[in-house]
Amino acid sequence: MPHGEYCASRIRGLSVRDIRFPTSLQSDGSDAIHPDPDYSCAYVVLFTDTNFKGHGLAFTIGRGTELVVAAVKSLSHLVVGKKLDDIYDDFAATWRSLTSESQLRWVGPEKGVIHLAVAALVNALWDLWARVQHKPLWKLLVDMEPEELVSTIDFRYIEDVLSREEAITMLEEMKPGKEGREERMIKRGYPAYTTSAGWLGYSQEKIEGLLKENLSRGWRHFKIKVGQDLEDDKRRCKIVRDIIGQDNTMMVDANQKWGVDEAVAWMKELAPYKPLWIEEPTSPDDVLGHATIAKALEPLGIGVASGEMCQNRVMFKQMFQAGALRYCQIDACRTGGVNEVLAIYLMAKKFKVPVCPHAGGVGLCEMVQHLQMWDYISVSGTTKERIIEYVDHLSQHFKTPIKVHNCHYLAPKVPGYSVEMWERSLQAYEYPYGSEWNKMFAEGTFKDPRATPPPWVEHRQDGDITHR
């Protein structure tokens, strides 16, 4: 497939900004581990020597975003100055160069802050490619021939479970019926569930009101946060089940709160409320712990879902091999952007594990809709046991926000990855100098980080030190 008339151009520059929203003020996003998140992102723009720009981001929850911003700057030399043809002709090699920079790799590798920075850059590259092709990202992926799509994936470390040839065969086998499945996505969209009533910091009155409101709008799948207090979890689960009834679906999410035995015991107590799954019951790195929990809860009809904090394709590979997941939850920017997410979808296909993406946050809903629609059209061919998380926070800051109708994500029509933000939002919420942050600092809503020098020790060349 030709890359487009502008792919002979170069990336001439890059900007990255620390964008934070004060969601902790309303307890939006609160859970058992993260009681006060301020939904944030490291926001990247790639500039070319034509009129095209690429927009990408990595989601964070406040403090620490500055680390991702610094990591993006450290990796930027691997992208800036490159011709687009050279990037997209061997995208897997470009991806590997970002994850294998000889010194930065040491503070990864392929995990943590460095990998979040890789995701922000890679997502911006895909957004740019889709814009050059004049297609929304899902359509760009769907239209690729199997060989070309597979050529974007780095198979290092996963070839023992999935080869290039197997991946190509999977995609070839799904060609029949693609046009019909694409038409269904355009006409009806992809089914969704809502977490908007489930945050742990919400009052009972707020939970009840949101549940009733969502029911009246047709929602039938609901997720709530658990894990802080067992008796309170029982009370909240009962509220949800009483309001939504027995025929609708409830899921619960512990956000890594428990140890393995604790997770099993806790979920046995919540089993009477019939949750479909327990999400992130323990450490995201504990593959065998997840497998133990999954085996113990299977007789109760409770599946284990995880993946939003799974660091890379290798961890997912082991989760699949161990039978640790009943539902795979990819995150659009926890692993290394689109290239690595494609590999995870294909492994999930091989192990017959349905993918139900993690969303919410800043821009996650906008991104995962593209990935899941590609999965339906080109990989799985079904929406059975598959559903996308929906949270309606912060979409107003995006130029092409998600559109949900009849509890289904509608297929995006605008070229790109749907994450370009309004400049007015960027100027208002860039941390710590944006107009909204300046206002909150002046009001005392948040402490101004510029007011007090950090307490580190500065070493000077003359041997003297200055305590700050």
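In this predicted model, strand 2 and strand 3 (residues 53-60) run antiparallel and are joined by eight bridges. A helpful place to start looking is Ser 40, which stands opposite Thr 60 in strand 3. The link between the two strands is short enough to count: four residues lie between strand 2 and strand 3, and the pair forms a hairpin.

Strand 2 (40-48) also has a partner in strand 1 (11-20). Here nine bridges join the two strands, and strand 1 and strand 2 again run antiparallel. Within this pairing, Arg 17 can be found opposite Tyr 43 in strand 2. Strand 2 is thus bridged to strand 1 and to strand 3. As for its surroundings, strand 2 is largely enclosed by the rest of the structure, because eight of its nine residues are buried. As a general guide for following such elements by eye, side chains in a regular strand alternate between the two faces of the sheet.

The loop between strand 1 and strand 2 is worth a visit too, and Leu 25 is found there. With a relative accessible area of 44%, Leu 25 is partly exposed, because this value falls between the 20% limit for buried residues and the 50% limit for exposed ones. Leaving aside residues up to four places away in sequence, Leu 25 touches Met 440, Thr 445 and Phe 446. One of these contacts spans a long stretch of the chain: Leu 25 and Phe 446 are 421 residues apart in sequence, while their C-alpha atoms are 9.8 Å apart in space.

Notes: Residues numbered from 1 in each chain as written. Predicted model: local features only at pLDDT ≥ 70, side-chain atom pairs only at ≥ 80, totals over all residues. Heavy atoms only, no water. Buried < 20%, exposed > 50% of the residue type's maximum accessible area, 1.4 Å probe, protein only. Contact = heavy atoms within 4.5 Å. Pairing = 2+ DSSP bridges.
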